Amino acid sequence: MELYQRQAINDYSFWNNFNSSSELLPKTHQELMPGIKWGCYGTLYTPAYWKIQYLLHNENDDFQINYRLGNSILEEVIACLLGGFGMKSEIGLAAFDRLIERNQIKKGVSFDTINASLKEPFLINNKSVHYRFPNQKAKFISQFLNRIDLDSIPFHNDLEFRDWLMTVNGIGAKTASWITRNYLDSENVAIVDIHIYRVGLIAGLFTEHLDIQKDYFEIESRFIDFCKAMDVSPSKMDALMWLQMKASNRTVLKVINNL
Amino acid sequence: MSGNSGGGSGPSINRPSDNDNCNDIVINTNLASPQAEVLDTLDVGDILTVQAASDQGPIQAFKEDGALAGNIVSREMIRLLACIANGTIFEAEVTNLNNGQCSVQIRAVG
């Protein structure tokens, strides 16, 4: 039978690094962390599964993860402020593009200027669409652009930088962590959303009494320890987990219901 | 701007193929946890049956006589499991046998 070469997913090279698979694969019943076993590498969502997926992707993909939306810290913060709240990504991005085109992402821009730009309808897929919450978002953005400390943002330290971002009205722990990761290539923060939270629930890393919003830093700390125990980079691991958890949402919910 | 941040879209990782059609999936990999006594009975060109033990895996490769040859591990586990659950039948052709390792090519039957 003719072997297909076009568009094949090639995982051969991954195996060539090892003399035998037993040298590579985590042992199912071995503890990864106190109370958490590796589990079966072939079963979705076990720590062993994530470790192998990490190694496979690290070997085969260039693992270039691009989250960044803006070209400066001002742009990045405003791109994040314009999104969220269940808004479709196209509308947030259209609003962001408009503010850039109008050169309104710069220090000192007023509430009225931003508000006027957000209130004009956007043409998306040939439909006229209104941006939701223009007043509130214009308030957050203008407050940010008029801060007196924009020239002394603590870029020198990732955790200080995140703390500073969290003083921006409208920016919570997750978004602050996202920006910190992108700007400073920080491995000391994790972007904990529902998908990463579910990874931890399934692995036994945390229980449902932890709340993503209220207990963000506790969850983050446990997640980073989890990554350290697996000897993986948190930035790559949470991106890979996010993609796979999102792609298999139905199976994930079934597993969680059976916990 | 849904996704991994309050504002940003989700991450993406460059992939060699992003084909969602189950019948077009082709995966080249080695069997994980290969069973030495079964590998001894295999030849290049042999076809193994691919089955999922559950919708969470593991995905296993069996000889015609039902003997387990090994497990299938790939970057495309999620997609492969979803396709199997949706009724696509896959087979694994043995492409190389060397030093206790068994290379296979996995593809949809038919």
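# A tour from the H4/H5 crossing of chain A

Begin with H4(A) and H5(A): H4(A) passes H5(A) in a right-handed crossing (the near helix is turned clockwise from the far one by less than a right angle; anticlockwise would be left-handed). The model is predicted, so local features need pLDDT of at least 70 and side-chain atom pairs count only at pLDDT 80 or more, while totals for chains, interfaces and linings use all residues. Residues are numbered from 1 along each chain as its sequence is written, and chains are lettered from A and ligands numbered from 1 in the order in which they are written.

**First stop: the helix pair.** Select residues 73-82 (H4) and 89-101 (H5) of chain A; their axes come within 8 Å and cross at roughly 140° (lines fitted to C-alpha atoms over the stretch in contact, with angles from 0 to 180 degrees between N-to-C directions). H4(A) and H5(A) are therefore oblique to each other (neither under 35, over 145 nor 65 to 115 degrees). On the H4(A) side, display Ile78(A), Ala79(A) and Leu82(A), which meet Gly92(A), Ala95(A), Phe96(A) and Leu99(A) of H5(A). Contact here requires C-beta atoms, placed from the backbone, within 7 Å.

**Second stop: the surroundings of H4(A).** How many of the 10 residues of H4(A) are buried? Seven are, and the helix is thus mostly covered (buried: 20 or more other C-beta atoms within 10 Å; exposed: 12 or fewer; partly exposed: in between). To see the buried residues, select Glu76(A), Val77(A), Ile78(A), Ala79(A), Cys80(A), Leu81(A) and Leu82(A). Add helix H7 (134-145) and helix H9 (173-184) of chain A to the view, for the buried residues of H4(A) pack against these two helices and H5. Just after H4(A), select Gly84(A), where phi is positive at about 80°.

**Third stop: two residues with positive phi.** Move to Asn103(A), in the loop between H5 and helix H6 (111-119) of chain A. Asn103(A) is not a glycine, yet its phi is positive, at about 55°. Is Asn103(A) buried or exposed? Asn103(A) has 8 other C-beta atoms within 10 Å and is therefore exposed. Next, select Phe133(A), which sits in the loop between strand E5 (127-129) and H7 of chain A. Its phi, near 55°, is again a positive value in a residue other than glycine. Phe133(A) has 14 other C-beta atoms within 10 Å, so Phe133(A) is partly exposed.

**Fourth stop: Lys37(A) and Asp231(A).** Lys37(A) belongs to strand E3 (residues 36-37) of chain A. Lys37(A) has 18 C-beta neighbours inside 10 Å and therefore counts as partly exposed. Neighbours within four places in sequence aside, the contacts of Lys37(A) are with Thr28(A), His29(A), Gln30(A), Glu31(A) and Leu32(A). Asp231(A) lies in the loop between helix H11 (216-230) and helix H12 (234-247) of chain A. With 9 other C-beta atoms within 10 Å, Asp231(A) is exposed. Add Lys51(A): it is 180 residues from Asp231(A) along the chain, and their C-alpha atoms are separated by 8.4 Å.

**Fifth stop: a cis bond in chain B.** Select Gly57(B) and Pro58(B); the peptide bond between them is cis, with omega near -5°. Pro58(B) is placed in the loop between strand E2 (47-52) and strand E3 (59-62) of chain B.

**Last view: the whole of chain A.** Chain A has 13 helices and five strands (DSSP runs of H or I, at least four residues, or of E, at least two, numbered from the N terminus). Colour domain 1 (26-64 + 190-259) and domain 2 (73-177) of chain A separately, with bounds from an automatic or database domain assignment. Their centres, taken over C-alpha atoms, are 31 Å apart.
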